[in-house]
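Dear colleague,

I am passing on the structure we spoke about, and I would be glad if you could open it beside this message while you read.

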Amino acid sequence: MGPLPPSADDRLIWDMWESQFRLPVATVADEVGTFRALGNAALTTAELASEIRVDERALGIHLAALASSGLVEKRDGRWAATPAARTWMHPDAEGYWGGFLFRFRETIPMHAQLLETLRTGKRPANAQTGGPEWERGHMTQEAAERIARFMHAHSMAPARGAAAQSVFGGISSLMDVGCGSGVYGIEIARANPRLQVTLLDLKEMCSEAAKFVEEAGLTGRITTAGVNMFEEDWPTGHEAHFFANVFHDWSEETNKLLARKSFDALPSGGKILLSEILMDDDGTGPWYAASFSLLMLVGTLGKQYTLPEFREILESVGFTDVRASRTGGGYYSLVSATKP
């Protein structure tokens, strides 16, 4: 008996994977004094960063994870420890768990990585990620193969969820920018038989994506373009640009550069589409987005963004009608905007 038809919902796997962050983000907060400070007073992110001497941007990402774990809360722009945290995580409390949690600072490797990001605002020096390769704009074929396998595995469900969205039915040509393994472009093409797709990425990644395209039997409808998306001109003539898990790798400034290049290459009426896991508008969760943002902090130059943050990025270069909807592909949403 062969495998059952796959589901478009992989949240069970995401929950299992992201559980690795729940304890170490709390032990880091315990070590740097977050619970003491927020148990004594309600503070803004900037005030807390100054008091405990950590990086403000990284602290905001850590606080979102703590909030979605029920340890801190945010009201009127100020953070405070919850009653449970004041009882069990404040060093002066009778019920303080510090004596128990202390040992996990040494036994959980993620503790050291999250602690370093919080104190420096930078990726850990020893973090094992593919980030430096694709950030440099070139990579070995072996690295491209490894990254393609990684991305294909973790993107199958959201790719199928995105492909089912009605917006693709009104588009005849789509460019998947930063395509990775090509999994999104493949699923979108498979679900929309009249749609032509171009997969754009570094030439080494395009070589790997072409293998997945051939395996899917879509070589007649999907082409590749080996282009450095930052340094080279983009192909034109597409009605829409699609980015999956791209903007969360970069800072707001870099994302505005990408948005500008997209805007310039699209025709009037063209669309930009982002497949991302969104933070809540107030930046306090939910856990699946906040923990994914911790991963971005450790391994990339970005974070998970809110819809208002994406709106500011896209509108700053001229896009209009920015909106988002959940796709049914696990935890992902599709953000869309239009070039007037």
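A right-handed β-α-β unit is formed by strand β6, helix α14 and strand β7, and please keep in mind throughout that this model is predicted. Within this unit, β6 (residues 240-244) and β7 run parallel and are joined by 5 bridges, and Phe243 is the residue that stands opposite Leu274 in β7.

Strand β7 also pairs with strand β9 (residues 333-338), in this case antiparallel and through 6 bridges, where Ile272 has Ala337 of β9 as its bridge partner. As for how β7 (residues 271-276) sits in the whole, 5 of its 6 residues are buried, so the strand is largely enclosed by the rest of the structure; buried here means under 20% relative accessible area.

Turning from the strands to the pockets, I looked at the second largest pocket, which has a volume of about 270 Å³. It is lined by 17 residues, of which Gly60, Ile61, Gly283, Lys303 and Glu309 are the closest to its centre. Helix α5 (residues 56-68) gives the largest share of this lining, with 5 residues. When the lining of the second largest pocket is divided by residue type, 7 residues are charged, 6 are polar and 4 are nonpolar.

With best wishes

Technical notes:
Residues are numbered from 1 along each chain as its sequence is written. This is a predicted model: local features need pLDDT of at least 70, side-chain atom pairs count only at pLDDT 80 or more; totals for chains, interfaces and linings use all residues. Side-chain values use heavy atoms; hydrogens and water are left out. On a 1 Å grid over the protein atoms alone, a cavity is a set of points where a 1.4 Å probe fits but cannot get out, and a pocket is an open set with protein on both sides within 12 Å along at least five of seven lines; lining residues have an atom within 4 Å of a point. Grid points are joined across faces, edges and corners, and a volume is the space filled by probe spheres set on the points. Helices (H or I, at least four residues) and strands (E, at least two) are DSSP runs, numbered from the N terminus. Ala, Val, Leu, Ile, Met, Phe, Trp, Tyr, Cys and Pro count as nonpolar, Asp, Glu, Lys and Arg as charged, and the others, Gly among them, as polar. Buried means under 20% relative accessible area, exposed over 50%, partly exposed in between (1.4 Å probe, protein chains only). Two strands pair if DSSP finds at least two bridges between them. A crossover is right-handed if, with the strands pointing away from the viewer, the path from the first strand over the helix to the second runs clockwise.
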